[in-house]
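Q: Could you take a close look at one part of this structure, the charged side chains and how they pair, and then connect that part to the rest of the model? I am in my first year, so please go step by step.

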Amino acid sequence: MINLIYIEKEVHEHPRTLAILERYPQAQRVECERYSEIFNRKAQNFRLQKKQPALILARKHEGHVLPTPKQYGIGADYNYYFSHMLNCLYDCRYCFLQGMFQSAHYVLFVNYEDFIENIEQTIAKHNNEAVHFFSGYDCDSLAMDPLTNFVDEFLPVFEHSPNALIELRTKSTQIRTLLKREAIENCVVAFSFTPAEIAMALEHKVPAVNKRLQSILELQQAGWAVGLRFDPLIYTDNFKQQYNELFSMIFDQLDLSLLHSVSLGSFRLPKSYFKKLEKLYPDDVLLASPQAEESGNVGYPEKLRLDMLDYCKQIITHHVPDDKFFPCHEMI
Amino acid sequence: MFPLYLTKDQAMSLTVTGVGKQNAAAAVSYHHAVIETHPGDIWINIGVAGHQSAELGSMYLANKIIDAETGACWYPQFACHFPCETQTIKTLSVASDSYTDMLFDMESAGFYQIASRLGTAELIHCIKIISDNAEQTMHSVSAKQVSELIENQIDILKQFLALLQPLSSELDAVYSPPTYFNTILTKWHFTKTEQHQLERLLRQWHIRNTGIDPTSLINSKHNAKAILSILEQELMSSPFSIGNTSSS
Ligand code: SF4
């Protein structure tokens with residue numbers, strides 16, 4: 001439920017702004033010059049804001065499409081991300097957004113036309129080379145689709161660009177818009193998973209694991225390529241049992257021939273984000289995990305981490321061919 | 001400096017700022033210095049405001065505060081749904097009866113600017129009760145009327161505080177040291193860095209060993225290093241389960 005909408009003066013009359021305002025007639029509206037007047041200000045508390053985030057409608061002026069960090073990818077040499085939205089409907093305790101932002105408000109950049117123009121230019125720059133775009137970097141790609149209309153606005157760009165691929169990264173079951181459309185080959189709907197018990201403890205407000213799996217099955221039936229993201233892997237003392245159950249549940253039901261890719265990565269956060277997490281939720285169970293600091297990140301101690309990754313890799317590669325499996329860089 | 005009142009249980013305090021943003025800003029600093037406020041405390045500026053057409057006696061919460069003199073803006077943050085309407089407030093340096101569709105007052109900007117340096121944005125609010133409008137201008141408002149206008153809204157003010165209180169308590173709990181932390185510090189000397197380590201280890205201890213007192217483990221230790229070391233060892237060898245442990 002959105003009770004308050006901040007609107008940048010510049011996008012006050014933007015058709016997307018008007019459509020969203022129409023959707024929330026009850027919400028209080030407050031005008032601002034720039035979203036940064038509200039978003040990420042000192043003294044704000046992410047934990048409290050998360051209880052009732054406001055929506056901020058803004059314009060993105062630059063940096064619409066950016067190269068991903070080097071190790072990020074699922075098979076292409078050229079990888080980009082774009083963030084039409086900042087922040088997420090869900091509240092996963094391991095999420096880097098709570099470390100990166102001071103605010104939990106949803107910022108929606110309504111000038112999709114500029115994102116789309118930049119995506120098209122980037123695709124054209126790479127001519128016939130494979131180029132991948134990731135949309136769920138600073139948000140969940142689908143969770144707020146009824147509000148953002150993201151799928152219907154962005155997917156047509158890829159329908160006509162066979163050398164480009166878009167990954168929609170999600171934990172959501174908001175797949176209605178996808179199911180209404182004809183599936184396209186170069187769109188991967190990538191679902192992230194942790195085992196059900198871990199998800200219950202750490203993934204607040206997120207649809208249950210079996211609901212997500214149900215969405216995957218529906219998407220596969222409709223011809224959509226799906227991906228599986230076991231990232232972050234989360235440690236618990238019956239880790240093997242929990243992940244075994246998760247993998248069995250998923251691989252037993254999925255049509256593996258329609259699986260686009262599986263990726264794997266262990267829990268880690270940049271040190272400054274981890275410290276912020278400690279300040280926000282000092283008594284959260286995640287913080288009592290075994291921990292080690294390495295190259296500016298806090299994650300699991302190396303041996304434990306490699307054991308976990310290796311264990312999962314064994315099971316995954318039993319079901320999935322090597323060319324569809326993308327482990328994190330330290331396993332390569 | 002400023003009249004300051006405390007409830008018997010000291011849970012609530014009130015400072016009378018007087019008129020104007022400078023007074024409001026100084027009163028907030030004074031209040032902070034005297035009360036020694038915490039980041040989890042609730043700060044409310046209660047006062048009256050003018051508006052073109054709003055009904056006399058009606059109550060509004062500021063969603064944006066503009067300092068008319070400098071143009072600076074602040075946006076109070078709402079972490080729950082409040083029982084009154086929100087409005088933009090323009091804080092004037094000189095009283096005016098050229099009413100607009102914004103609220104006019106003379107204190108909010110001074111109050112908010114300083115309070116937001118001392119507290120948490122989601123717990124700092126300005127509540128204004130309409131004392132004058134285009135039909136009944138500021139010239140006819142007496143001090144007695146102002147008291148009455150505020151008194152008439154006490155119930156909603158209470159509801160408002162009741163909504164903020166759990167947020168404040170949540171932050172207080174977050175900022176409180178873990179159980180046994182202070183007891184341990186009274187018995188052994190810890191440097192600042194060691195205190196941070198102790199705090200982290202004790203929190204992990206409580207998550208992993210709910211309800212178990214760690215002091216028996218450390219009573220025989222002679223210094224901070226030995227205590228940190230035994231806590232760390234114990235934690236490393238104790239089971240860690242996410243699925244069966246409730247998270248906060
Ligand atoms: S779903 Fe993803 S983006 Fe959303 S809170 Fe969880 S980890 Fe963060």
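A: Glu194(B) is buried in this predicted model, with a relative accessible area of 12%, which falls under the 20% limit used for that word. Its partner is Lys225(B), and the closest N and O atoms of this salt bridge are 3.8 Å apart. Lys225(B) is itself exposed, at a relative accessible area of 60%, so this pair joins a buried residue to an exposed one. As for where the two sit, Glu194(B) belongs to helix H6 (residues 192-208) of chain B and Lys225(B) to helix H8 (residues 224-237) of chain B, so the salt bridge ties together parts that are 31 residues apart in sequence. Behind such pairs stands a simple idea, namely that side chains of opposite charge can pair when their charged atoms come close.

Over all chains, the structure holds 26 salt bridges. One of them lies between the side chains of Arg59(A) and Glu10(A), with 3.2 Å from N to O. Arg59(A) is in the loop between strand E3 (55-58) and strand E4 (66-67) of chain A, while Glu10(A) is in the loop between strand E1 (4-8) and helix H1 (15-23) of that chain, so here the pair ties together parts that are 49 residues apart in sequence. Both ends are partly exposed, since Arg59(A) has a relative accessible area of 24% and Glu10(A) has 46%. Through shared partners, salt bridges also bring in Asp114(A), so that Glu10(A), Arg59(A) and Asp114(A) belong to one network.

Another salt bridge, between Asp91(A) and Arg93(A), has its closest N and O atoms 3.2 Å apart. In this case Asp91(A) is buried, at 9% relative accessibility, and Arg93(A) is buried too, at 3%.

A useful contrast is Glu122(B), which is buried yet has no salt bridge. The nearest side chain of opposite charge is that of Lys276(A), 11 Å away, whereas a salt bridge needs the nitrogen and the oxygen within 4 Å of each other. Glu122(B) sits in the loop between helix H2 (108-118) and strand E8 (124-133) of chain B. A polar atom of its side chain does lie 3.1 Å from the backbone nitrogen of Asn45(A). Among the residues that Glu122(B) touches, not counting those up to four places away in sequence, are Ala43(A), Gln44(A), Asn45(A), Leu48(A) and Gln49(A) from chain A, together with Gln77(B), Ala79(B) and Leu164(B) from chain B.

From the charged residues we can turn to the nonpolar ones. The largest nonpolar core has 136 residues, and those with the most contacts inside it include Leu57(A), Phe133(A), Leu228(A), Phe230(A) and Ile316(A). Ile316(A) touches Phe230(A), Phe247(A), Phe251(A), Val262(A), Leu264(A) and Phe325(A), leaving aside residues up to four places away in sequence. Apart from this core lies another one, of 21 residues, among them Ala24(B), Leu103(B), Ile114(B) and Cys126(B).

Phe230(A) appears again among the residues touched by Leu246(A), along with Phe193(A), Thr194(A), Pro195(A) and Val209(A), where residues up to four places away in sequence are again not counted. Leu246(A) is part of helix H10 (residues 239-253) of chain A and is buried, with a relative accessible area of 3%.

Chain A as a whole has 12 helices and 18 strands, and of its 332 residues 60% count as buried. Its radius of gyration is 20 Å, which agrees with the value near 20 Å that a compact globule with 332 residues would have. Along the principal axes, the C-alpha trace of chain A spans about 55 × 45 × 35 Å. If we take the contacts in chain A with a separation of 6 or more, residues 24 or more positions apart account for 76% of them.

Some backbone details of chain A complete the picture. The peptide bond from Asp231(A) to Pro232(A) is cis, with omega near 10°, and Pro232(A) is found in strand E13 (residues 225-233). Lys205(A), which is not a glycine, has a positive phi near 70°, and this residue is exposed, at 53% relative accessibility. Ser295(A) likewise has a positive phi, of about 45°, although it is not a glycine; Ser295(A) lies in the loop between strand E16 (292-294) and strand E17 (297-299) and counts as exposed at 74% relative accessibility.

How values were computed. Residues numbered from 1 in each chain as written. Chains lettered and ligands numbered in written order. Predicted model: local features only at pLDDT ≥ 70, side-chain atom pairs only at ≥ 80, totals over all residues. Heavy atoms only, no water. Core = buried A, V, L, I, M, F, W, Y, C linked by side-chain atoms within 4.5 Å. Buried < 20%, exposed > 50% of the residue type's maximum accessible area, 1.4 Å probe, protein only. Contact = heavy atoms within 4.5 Å. Helix = DSSP H or I, 4+ residues; strand = E, 2+ residues; numbered from the N terminus. Lys, Arg positive; Asp, Glu negative; His and termini not counted. Polar contact = N/O pair within 3.5 Å; in protein donor to acceptor, adjacent residues only side chain to side chain. Rg over C-alpha atoms; globule rule 2.2 N^0.38 Å.
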